[in-house]
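Grab a pencil and work through these exercises with the model open beside you. Each one sets a task, then walks through a solution.

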Amino acid sequence: MSEQTHPTLQLARELIARASVTPEDAGCQQIIGKRLQALGFQLESMVFEDTTNLWARRDSQPGGLFCFAGHTDVVPAGDLDKWNTPPFEPTDIDGVLFGRGAADMKGSLAAMVVACERFIAKHPEHKGSISFLITSDEEGPFINGTTRVIDTLEARNEKIRWCIVGEPSSTSYCGDIIKNGRRGSLTGDLQVWGIQGHVAYPHLARNPVHQAAPALHELAETVWDEGNDYFPPTSFQISNLHAGTGAGNVIPGTLHVSFNLRYSTENTAEQLKDRILRIFDGYGLDYAIHWTHNGQPFLTTDSGELVQATREAVKSVTGHLPKLSTAGGTSDGRFIAPTGAEVLELGPVNASIHKVNEYVSHNDLIELTDMYEQTLINLLVNDKE
Ligand SMILES: [Zn+2]
């Protein structure tokens with residue numbers, strides 16, 4: 001089959017042509033749902049506020065529930081003048097498909113659907129069940145997307161055993177890296193109060209910058225943990241710092257500091273918060289803090305069935321075993337993993353994601369389809385035919 005007519009590419013083009021900027025789905029889930037329905041999947045649309053989610057499930061023989069997870073929404077196109085081709089008109093140039101969402105992650109969604117079609121055609125009586133969890137809220141505030149679907153599934157005790165998220169995990173070629181976890185993310189917004197006054201009369205004022213500086217220094221110097229085999233050490237970074245009226249002769253009355261920790265499984269958010277508050281208290285600061293817990297860390301170890309099945313599948317396509325990594329930002333895997341599911345991310349090369357002229361190579365999507373199909377075979381077919 002020539003690259004141009006490969007069914008994964010055709011479906012990817014159909015999805016890219018829908019301008020589904022977060023939280024819009026723009027009909028993408030309908031296109032995918034139709035294809036899955038034809039395979040015998042039961043569709044359940046879960047609409048929460050402005051977000052459309054699709055839960056689709058096909059039961060076959062007894063066994064575990066496999067899930068393909070992903071998102072139909074994309075980030076905005078940005079400056080249209082900087083695009084060489086219109087972002088929502090899929091365009092093929094020299095073996096590369098251009099368009100917003102090509103790599104993140106409409107290409108992966110297309111590969112998942114086509115992999116399923118092929119797998120079910122060859123193994124209609126496979127063991128276990130297959131599902132799709134698709135949201136239109138991954139790039140946005142992630143309030144009404146995957147997390148709400150998972151809440152719904154948990155409430156009725158519907159458990160995913162293995163889950164592949166189609167986030168673009170690869171760096172130089174498709175399948176070089178699989179993400180088997182992500183660091184946790186904890187943000188603190190700190191306000192420190194002093195007493196505003198004239199710089200010439202410091203005894204009548206209290207400078208919150210001076211008061212907070214040693215505490216901030218200690219935070220920046222703290223070794224939170226050493227990391228472990230899967231995670232780098234927890235890191236702390238100040239992202240915003242603001243005080244002062246703009247005048248050169250006024251001691252500020254308040255200081256605002258925002259900071260973020262990307263943390264390993266050696267710590268919990270609660271442990272980190274405790275240590276940070278103890279540091280503030282140790283310096284006698286008059287302060288208030290607001291925490292935002294953006295996501296817990298998760299880890300799927302290489303002793304699990306999913307890592308083994310996926311690594312073998314990737315190797316059968318590329319000839320090389322993929323590397324496991326927990327680097328990078330957060331993904332919706334953080335909402336699925338706490339249910340006890342094994343969760344991995346496997347998708348195309350991520351060099352162009354969120355940029356202008358986003359692209360994916362034809363070859364990536366063709367190989368990704370084979371990797372997904374082979375993973376299903378490894379997990380859901382008894383005697384590997
Ligand atoms: Zn994504």
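**Exercise 1. Find which residues Phe132 touches beyond four places in sequence, then place Phe132 in its core.**

Step 1. Bear in mind that you're looking at a predicted model. Skip residues up to four places away from Phe132, and the list of contacts reads Leu36, Phe41, Leu54, Trp55, Ala56, Cys67, Phe68, Met112, Val113 and Cys116.

Step 2. Now zoom out to the largest nonpolar core, which has 52 residues. Phe132 is one of the members touching the most other members, along with Phe41, Phe66, Phe68, Ile130 and Tyr372.

Step 3. Ask who supplies this core. Helix α3 (residues 102-122) gives the largest share, with twelve residues.

Step 4. Don't stop there: another core lies apart from this one, with 22 residues, including Leu190, Val192, Phe236 and Leu272.

**Exercise 2. Work out which atoms coordinate the zinc ion, and how the site is classed.**

Step 1. List the donors: NE2 of His71, an OD atom of Asp104, and two OE entries from Glu167, at 1.9 to 2.6 Å.

Step 2. Write the donors as a sequence pattern and you get H-x32-D-x62-E. His71 belongs to strand β3 (residues 65-71), while Glu167 sits in the loop between β7 (162-165) and β8 (177-179), so the pair, 96 residues apart, ties together distant parts of the chain.

Step 3. Check burial, using the cut-off of under 20% relative accessible area. His71 comes in at 0% and is buried. Glu167 is buried too, at 8%.

Step 4. Look at the angles. For reference, four tetrahedral donors would ideally give 109.5 degrees. Here the angles among the four donor atoms run from 52 to 139°. To count as tetrahedral, all of them would have to lie between 85 and 135 degrees. The site is therefore irregular.

**Exercise 3. Decide whether strand β10 is largely enclosed or open, and find its partners.**

Step 1. Count burial along β10 (residues 184-193): seven of its ten residues are buried, so the rest of the structure largely encloses the strand.

Step 2. Find the pairings. Strand β14 (residues 254-263) runs antiparallel to β10, with ten bridges between them. Strand β15 (residues 287-295) is also antiparallel to β10, joined to it by eight bridges.

Step 3. Use Gln191 to see both pairings from one residue. Gln191 faces His256 in β14, and Gln191 also stands opposite Ala288 in β15.

**Exercise 4. Sort out some of the salt bridges and say how exposed their partners are.**

Step 1. Start with the tally: the whole structure holds 15 salt bridges.

Step 2. Take Lys82 and Asp79, whose side chains meet at 3.7 Å, N to O. Lys82 is exposed at 52% relative accessibility, whereas Asp79 is partly exposed at 37%.

Step 3. Compare Glu154 and Lys159, which form a salt bridge at 3.0 Å, N to O. Glu154 is partly exposed at 32%, and Lys159 is partly exposed at 41%.

Step 4. Finish with Asp59 and Arg57, bridged at 2.8 Å, N to O. Both belong to a network of salt bridges that also includes Glu44, Arg156 and Glu158.

**Exercise 5. Classify Ser45, Lys273 and Gln308 as buried, partly exposed or exposed, and describe their surroundings.**

Step 1. Ser45 is in strand β1 (residues 42-48). Its relative accessible area is 53%, and exposed means over 50%, so Ser45 is exposed. Beyond four places in sequence, Ser45 touches Thr52 and Asn53. Val149 is 104 residues from Ser45 in sequence, with 9.9 Å between their C-alpha atoms.

Step 2. Lys273 is part of helix α6 (residues 269-282). At 17% relative accessibility, Lys273 counts as buried. Outside its neighbours within four places in sequence, Lys273 contacts Leu186 and Trp291.

Step 3. Gln308 lies in helix α7 (residues 305-318). With 41% relative accessible area, Gln308 is partly exposed. Leaving out residues up to four places away, Gln308 touches Asp302 and Ser303. Gly99 is 209 residues from Gln308 along the chain, and their C-alpha atoms are separated by 33 Å.

Note on methods. Residues are numbered from 1 along each chain as its sequence is written. This is a predicted model: local features need pLDDT of at least 70, side-chain atom pairs count only at pLDDT 80 or more; totals for chains, interfaces and linings use all residues. Side-chain values use heavy atoms; hydrogens and water are left out. A nonpolar core is a set of buried Ala, Val, Leu, Ile, Met, Phe, Trp, Tyr and Cys residues joined through side-chain atoms within 4.5 Å. Buried means under 20% relative accessible area, exposed over 50%, partly exposed in between (1.4 Å probe, protein chains only). Helices (H or I, at least four residues) and strands (E, at least two) are DSSP runs, numbered from the N terminus. Contact means heavy atoms within 4.5 Å. Donors are N, O and S atoms within 2.8 Å of the metal (3.2 Å for Na, K and Ca); water is not among the atoms, so sites may look incomplete. Four donors count as tetrahedral if all angles lie between 85 and 135 degrees; four count as square planar and six as octahedral if opposite donors are over 155 degrees apart and all others between 65 and 115; anything else is irregular. Two strands pair if DSSP finds at least two bridges between them. A salt bridge is a side-chain nitrogen of Lys or Arg within 4 Å of a carboxyl oxygen of Asp or Glu.
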